[in-house]
Amino acid sequence: MRKILFLLSGLLMISGVFAQNTLLVYYSYTNNVRSIVNELSNHLDVDIVEILPAEEGLRYEADNYAIGSALISAIRDNPDDAESYPAIKPVDIDFSRYDNIIIATPLWWSNMAAPMQSFLFQNGDEMGGKNISLIVSSASSGISSVVADAKRLIPEGNFIEEALWINNNNRSNMPTLLEAWIRNIKSSKHMTEKLSITVGNTTYLATLVDNRSTQALVAALKESPITYKAQDYGNFEKVGSLGRTFPTNNEETTTEPGDIVLYNGNQMVIFYGTNSWSYTRLGKIDNITVDQLKNFLGDGDCTITLSLSSQSVSGFADTAFSLKGKGVGLGTNKYDLQGREVESCGTGQIYIQNGEKWMKTDK
Ligand SMILES: Cc1cc2nc3c(=O)[nH]c(=O)nc-3n(C[C@H](O)[C@H](O)[C@H](O)COP(=O)(O)O)c2cc1C
């Protein structure tokens with residue numbers, strides 16, 4: 001059996017986000033994830049690392065899954081305590097070599113399999129600012145808690161594309177699903193311009209995907225900001241007409257909180273919950289929790305203003321300057337572009353400290 005397999009191979013020239021170095025980290029107990037990884041390595045040139053539990057020969061499924069469920073319960077009870085995570089064999093990864101990381105993991109008791117959680121608990125901070133995508137294999141359970149585990153353990157990760165979910169119903173179709181998913185991540189390009197979304201006195205930035213719709217939106221916003229009225233719908237979204245029509249590229253999409261999509265070509269939808277429908281994906285609000293989203297969008301109707309923020313140094317200097325005027329960002333504490341205090345920054349993240357702009361360059 002393969003132990004830790006580390007393929008240092010020449011990189012394919014691929015367009016889009018995954019043109020750069022890609023690391024695939026996986027854990028597999030009964031070989032389902034391993035089969036997915038084997039298939040994936042036929043399509044993407046990646047360096048592969050396998051996570052192995054320190055204790056060999058454990059039968060997680062014995063006694064009605066007693067060992068597996070005890071491991072997951074320990075993490076659920078104390079997710080911030082290193083002692084809650086089962087030991088894994090050491091892995092030595094130079095994360096600075098990678099822009100993209102694919103995590104492939106089984107689901108255990110609705111959560112991410114415990115050994116993969118151990119790996120991310122130990123290394124998640126090193127993955128800040130990287131493009132992260134997830135492959136999850138389960139028998140039948142839905143994977144939203146696994147996605148939440150990944151986001152908890154890689155708080156500064158730039159999660160791209162929807163996680164690929166392989167289960168017993170679609171497993172025989174895995175090669176086709178995997179190929180389509182890889183096609184999507186290869187084209188998950190992000191625009192350099194950030195979308196600035198303002199409600200009342202609060203502004204959040206969003207990362208835009210790169211497609212014909214966002215290109216048209218950026219062109220329109222370069223002319224002037226767009227202000228529109230939005231309403232709640234379905235207890236999961238704020239939707240409103242942009243007053244003009246943009247090109248669409250609709251596809252069946254399951255949204256997450258923070259996602260921004262175009263509906264019917266002329267309506268912008270910002271999600272604070274989830275929904276599955278045919279939308280054109282526009283982007284996602286950066287680093288925002290569901291509670292912050294709900295506070296930001298408020299109850300009932302609201303007025304939203306969209307503009308562009310290039311996140312260039314000069315654009316940033318303006319933000320730093322206006323925040324300094326409000327007394328925000330002075331002293332040793334760090335603040336993000338919206339003037340919210342941040343405890344730690346991922347590589348490449350821009351922050352304000354003592355009224356000056358900084359970019360985190362190294363760990
Ligand atoms: C300890 C343990 C708990 C599991 N819990 C669930 C579960 O709650 N729901 C589910 O659909 N599958 C569950 N499974 C099944 C695995 O998610 C599924 O078989 C997966 O494909 C295994 O991937 P692997 O073969 O790479 O280990 C569990 C498996 C184990 C070992």
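How are α3 and α4 oriented to each other? In this predicted model, helix α3 spans residues 114-123 and helix α4 spans residues 144-153. The two pack at an angle of about 25 degrees. Their axes lie 9 Å apart. Angles under 35 degrees count as roughly parallel, and α3 and α4 are therefore roughly parallel to each other. Gln117, Leu120 and Phe121 form the α3 side of the contact. Asp149, Ala150, Arg152 and Leu153 form the α4 side. By class, the residues of this contact of α3 with α4 are four nonpolar, one polar and two charged.

A second helix pair joins α1 (residues 32-40) and α5 (residues 174-186). Here the packing angle is about 55 degrees, and the axes are 10 Å apart. α1 and α5 are therefore oblique to each other. The crossing of α1 past α5 is right-handed. From α1, the residues Ser35, Ile36, Glu39 and Leu40 take part. They meet Met174, Pro175, Leu178, Trp181 and Ile182 of α5. The contact of α1 with α5 comprises seven nonpolar residues, one polar and one charged.

The ligand has 19 residues around it. Ser28, Thr30, Leu107, Ser137 and Ser141 come nearest. Serine 141 also places a side-chain N or O atom 2.7 Å from a nitrogen atom of the ligand. Backbone atoms face ligand oxygen as well. A polar backbone atom of valine 33 is 2.7 Å from an oxygen atom of the ligand. For asparagine 31, a backbone N or O atom lies 3.1 Å from a ligand oxygen atom.

Technical notes. Residues are numbered from 1 along each chain as its sequence is written. This is a predicted model: local features need pLDDT of at least 70, side-chain atom pairs count only at pLDDT 80 or more; totals for chains, interfaces and linings use all residues. Side-chain values use heavy atoms; hydrogens and water are left out. Axes are lines fitted to C-alpha atoms, for helices over the stretch in contact, and angles run from 0 to 180 degrees between N-to-C directions. Helices (H or I, at least four residues) and strands (E, at least two) are DSSP runs, numbered from the N terminus. Angles under 35 degrees count as roughly parallel, over 145 as roughly antiparallel, 65 to 115 as roughly perpendicular and the rest as oblique. A crossing is left-handed if the near helix is turned anticlockwise from the far one by less than a right angle, and right-handed if clockwise. Contact means heavy atoms within 4.5 Å. Ala, Val, Leu, Ile, Met, Phe, Trp, Tyr, Cys and Pro count as nonpolar, Asp, Glu, Lys and Arg as charged, and the others, Gly among them, as polar. A residue is near a molecule or strand if one of its heavy atoms lies within 4 Å of it. A polar contact is a pair of N or O atoms within 3.5 Å; within protein, one must be able to donate a hydrogen and the other to accept it, and residues adjacent in sequence count only if both atoms are side-chain atoms.
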